[in-house]
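Here's a friendly walk through a structure you may be meeting for the first time. Have a look, then follow the questions below.

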Amino acid sequence: MTLYLHELKRNRLSLIIWSTAISFMLGVCVLIYPEMSGQMNEMSALFSDMGSFTAAFGMDRLNFGEFMGYFGVECGNCLGIGGALFAALTAITALSKEEKNGTAELLLTLPVSRAEIVTGKILAVVTQIVIMNACVAVITLLSVAVIGEEIELGTFMLLILAYLIMQLEVAAITFAISAFIRRGGVGIGLGTALLFYFMNIIANLSEKTEFLKYITPFGYTDSADIITDKALEPTYIVIGIGVALASVVIAYCKYTKKDIL
């Protein structure tokens with residue numbers, strides 16, 4: 001518990017900055033909707049004729065004239081990319097930063113096992129991601145109330161849940177990578193998150209590349225699917241949870257046997 005609280009305190013500034021930045025972007029995105037709503041129908045018709053580009057972002061199945069359609073594409077992309085980058089950045093440095101900062105040996109002299117160290121750090125990562133998403137959800141709902149727009153609360157919460165699960169999977173994968181490297185690995189973490197994002201775009205372009213949705217965590221954050229079906233795709237979710245759990249197990253196995261210099 002002490003290590004867990006120490007990690008939260010250690011990363012509080014990063015959490016505040018990322019939560020504020022992403023919440024601000026979504027809040028602004030919502031607040032400008034009334035100014036743009038009159039042009040949304042024209043934009044929706046325009047995007048529907050843009051072929052593969054439209055399909056890549058699911059804009060061929062969403063009505064920009066409705067708030068949820070607008071939110072799914074514009075705000076969803078902000079939360080998707082921003083949340084994934086935050087999750088990757090937080091997790092990729094969780095274990096490796098101890099060796100980078102020269103504090104690994106000191107940490108291992110404490111009366112805690114390596115397994116307890118991994119547990120405290122992964123719980124801290126998960127807590128930060130949950131807090132960030134909670135802040136985003138609250139600010140978004142407040143912004144919706146300010147503009148007086150009606151929102152499908154159930155669908156909205158499904159979108160938030162989908163992005164939360166995606167971020168947790170990205171965090172688990174980069175956390176596992178963190179157990180193997182001896183430096184911060186920020187570039188690796190951010191690159192991994194962006195790779196998954198572009199894999200999802202490619203998966204939407206053609207049926208031949210649709211299999212990538214089973215690989216990328218972004219596969220189950222497709223706003224068009226969630227808003228249309230009002231449900232999450234269970235197959236993608238099960239695979240994502242399985243990959244996340246396997247990644248955490250790998251992190252435990254590697255770190256408990258790792259030669260710490």
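Q: Is the crossing of α8 and α9 left-handed or right-handed?
A: This is a predicted model, where local features need pLDDT of at least 70, side-chain atom pairs count only at pLDDT 80 or more, and totals for chains, interfaces and linings use all residues. Residues are numbered from 1 along each chain as its sequence is written, and side-chain values use heavy atoms, with hydrogens and water left out. A crossing is called left-handed if the near helix is turned anticlockwise from the far one by less than a right angle, and right-handed if clockwise. For α8 and α9, the crossing is right-handed.

Q: Do α8 and α9 count as roughly parallel or roughly antiparallel?
A: Their axes come within 10 Å and cross at roughly 155°. Axes here are lines fitted to C-alpha atoms, for helices over the stretch in contact, and angles run from 0 to 180 degrees between N-to-C directions. Angles under 35 degrees count as roughly parallel, over 145 as roughly antiparallel, 65 to 115 as roughly perpendicular and the rest as oblique. So α8 relative to α9 is roughly antiparallel.

Q: How many nonpolar residues are in the contact of α8 with α9?
A: Contact means heavy atoms within 4.5 Å, and the α8 side includes Val 118, Ile 122 and Met 132, while the α9 side includes Phe 156, Leu 164 and Phe 175. Ala, Val, Leu, Ile, Met, Phe, Trp, Tyr, Cys and Pro count as nonpolar, Asp, Glu, Lys and Arg as charged, and the others, Gly among them, as polar. Sorted that way, the contact has three polar residues, one charged, and a nonpolar group of 16.

Q: How many charged residues are in the contact of α5 with α8?
A: Helix α5 covers residues 67-92, and its axis comes within 11 Å of the α8 axis, crossing at roughly 155°. That makes the two roughly antiparallel, and the crossing is right-handed. Among the residues that meet are Phe 71, Leu 79 and Phe 86 from α5 and Gln 128, Met 132 and Val 136 from α8. The contact divides into 12 nonpolar residues, five polar, and, for charged, no residues.

Q: Is Gln 128 buried or exposed?
A: Gln 128 is in helix α8, residues 114-147. Leaving aside its neighbours within four places in sequence, Gln 128 is in contact with Leu 8, Asn 11, Leu 15, Phe 86 and Thr 90. Buried means under 20% relative accessible area, exposed over 50% and partly exposed in between (1.4 Å probe, protein chains only). At a relative accessible area of 1%, Gln 128 is buried.

Q: Is the crossing of α9 and α12 left-handed or right-handed?
A: Helix α9 (residues 153-180) and helix α12 (residues 234-257) have axes that come within 8 Å and cross at roughly 25°. That makes α9 roughly parallel to α12. Residues that meet include Ile 165, Phe 175 and Phe 180 in α9, along with Val 243, Ile 250 and Tyr 255 in α12. The handedness of this crossing is left-handed.

Q: Which residue in the loop between α11 and α12 has phi near 55°?
A: Most residues other than glycine have a negative phi. In the loop between α11 and α12, one residue that isn't glycine has a positive phi, near 55°. With a relative accessible area of 46%, the residue is partly exposed. Its name is Lys 230.

Q: What distance separates the C-alpha atoms of Glu 233 and Gly 219?
A: Glu 233 is in the loop between α11 (223-229) and α12, and at 37% relative accessibility Glu 233 counts as partly exposed. Glu 233 and Gly 219 are 14 residues apart along the chain, and their C-alpha atoms are separated by 9.0 Å.

Q: How many disulfides does the count come to?
A: A disulfide is a pair of cysteine sulfur atoms within 2.5 Å. Cys 78, partly exposed at 23% relative accessibility, has its nearest cysteine sulfur, that of Cys 29, 5.3 Å away, and Cys 78 is in no disulfide. By this rule the total is zero.

Q: How many helices are in the protein chain?
A: Helices (H or I, at least four residues) and strands (E, at least two) are DSSP runs, numbered from the N terminus. Buried residues make up 49% of the 261 residues in the chain. Strands number zero, and the helix count is 12.
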